[in-house]
Amino acid sequence: MLAQKTMLINDIHDIARTGFGSGTNELYDSARPSYPSEALKYIRQEVAAHVSGPINVVEIGSGTGIFTRAFLAHPDWANAIEKLTAVEPSDGMRVVFDKFVRDERVTCQEGSFVNTGIPDNSADLVVVAQAFHWCPDFAAAATEFSRILKPHGLVALIWNLEDREAAAWVAQVRDLIEQFERGTPQFRLDLWRALFETESFKSLFQPHKEQRWLYPLVGSLDIVTNRAMSKSYITVQPKDIKATIKAEIKNIVERGDGKQWIDEDHGLFEYPYQTSLVVFHK
């Protein structure tokens with residue numbers, strides 16, 4: 001058991017382990033956005049190409065269950081899932097997941113991209129939401145995905161990202177916080193695309209497909225601030241740095257370059273995002 005725990009710890013990036021550690025997860029769950037219905041519908045259509053019956057799902061890097069809850073509530077998925085096994089390496093994330101995800105079809109267990117603990121040939125769908133960029137070994141992950149998937153099973157990787165092209169204030173907030181990334185393998189850097197160049201992926205999976213959706217959300221100063229504070233590389237900053245970041249976010253949002261009001265009296269404006277989805281079949 002100790003050897004397995006050590007292996008799982010080694011599978012987690014240092015900043016992810018501390019930045020998403022105990023005490024950060026309630027903020028993460030309340031601050032991070034859900035996912036667009038169109039993306040969940042697209043995943044359903046891809047799975048339906050090969051699976052007609054009840055679907056067994058494995059969600060790796062499930063975090064606090066933000067994607068899980070959207071998934072279970074979606075009309076195309078609500079009655080299609082036989083079983084969903086969430087795999088999450090963070091103890092704190094799993095505690096919050098179990099608090100907010102209440103469905104008898106769902107279980108949450110410790111594991112990682114390369115050590116899921118899932119039986120061979122058991123999943124119709126492997127989904128990873130807002131997490132695959134943290135993968136420590138793309139070749140090993142491809143092998144693990146293939147091992148747990150049934151023939152023709154699907155992998156879906158999905159991310160939300162603030163859309164810097166849609167409004168100058170969004171770009172300014174991102175420029176402010178991204179200087180603290182400290183070399184972490186963030187989604188925006190596309191380092192995760194090395195997956196497709198591994199021999200494991202090439203031999204085990206069909207070519208991948210990509211989709212992208214504009215995903216405008218409702219924002220406020222508190223929402224923008226809390227989302228920034230929920231970033232792993234921000235949660236590890238000392239209090240004085242966090243205070244400086246908060247003050248500068250307030251200046252950026254109040255200046256509002258390119259901001260589109262939804263309800264100015266209540267301080268609500270459009271918070272533009274993009275959602276990216278990558279799918280590939282075994």
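**Salt bridges and a small sheet in a predicted model**

Colleague: In this predicted model, which side chain does K99 meet in a salt bridge?
Modeller: The pair is joined by a salt bridge at 3.2 Å, N to O. That lies inside the cut-off, which is within 4 Å. The partner of K99 is E26.

Colleague: How many residues apart in sequence are the parts that K99 and E26 tie together?
Modeller: K99 belongs to helix 6 (residues 91-100). E26 belongs to helix 3 (residues 25-31), so the pair links two helices. The parts it ties together are apart in sequence by 73 residues.

Colleague: Is E181 buried or exposed?
Modeller: E181 meets R188 in a salt bridge at 2.9 Å, N to O. R188 has 35% relative accessibility and therefore counts as partly exposed. For E181 the value is 6%, and the limit for buried is under 20%. E181 is therefore buried.

Colleague: Which residues are linked with E181 and R188 in a network of salt bridges?
Modeller: The side chains of E181 and R188 meet directly. Both also belong to a network of salt bridges. The other members are R164, R174, D175 and E178.

Colleague: What is the N to O distance in the salt bridge of D190 and R193?
Modeller: D190 is partly exposed, at 36% relative accessible area. R193 is also partly exposed, at 26%. Their side chains meet in a salt bridge, and the N to O distance is 3.5 Å.

Colleague: How many salt bridges does a search of the whole structure find?
Modeller: Among them are K99 with E26 and D190 with R193. The search of the whole structure gives a total of 19.

Colleague: In the open sheet of three strands, which are the edge strands?
Modeller: The order is 7-9-8, with antiparallel pairing. An edge strand here pairs on one side only. That applies to strand 7 (217-219) and strand 8 (261-263).

Colleague: By what angle are neighbouring strands of this sheet turned against each other on average?
Modeller: The sheet is open and its pairing is antiparallel. With direction ignored, the average turn between neighbouring strands is 45°.

Colleague: What is the bridge partner of V218 in strand 9?
Modeller: Strand 7 pairs with strand 9 (residues 268-271) over three bridges, in the antiparallel sense. The partner of V218 in strand 9 is E270.

Colleague: Which helix lies across strand 7 and strand 9?
Modeller: The two strands pair with each other. The helix across them spans residues 221-229 and runs at about 45° to strand 9. It is helix 10.

Note on methods. Residues numbered from 1 in each chain as written. Predicted model: local features only at pLDDT ≥ 70, side-chain atom pairs only at ≥ 80, totals over all residues. Heavy atoms only, no water. Pairing = 2+ DSSP bridges. Helix = DSSP H or I, 4+ residues; strand = E, 2+ residues; numbered from the N terminus. Axes fitted to C-alpha atoms, helices over the stretch in contact; angles between N-to-C directions. Contact = heavy atoms within 4.5 Å. Buried < 20%, exposed > 50% of the residue type's maximum accessible area, 1.4 Å probe, protein only.
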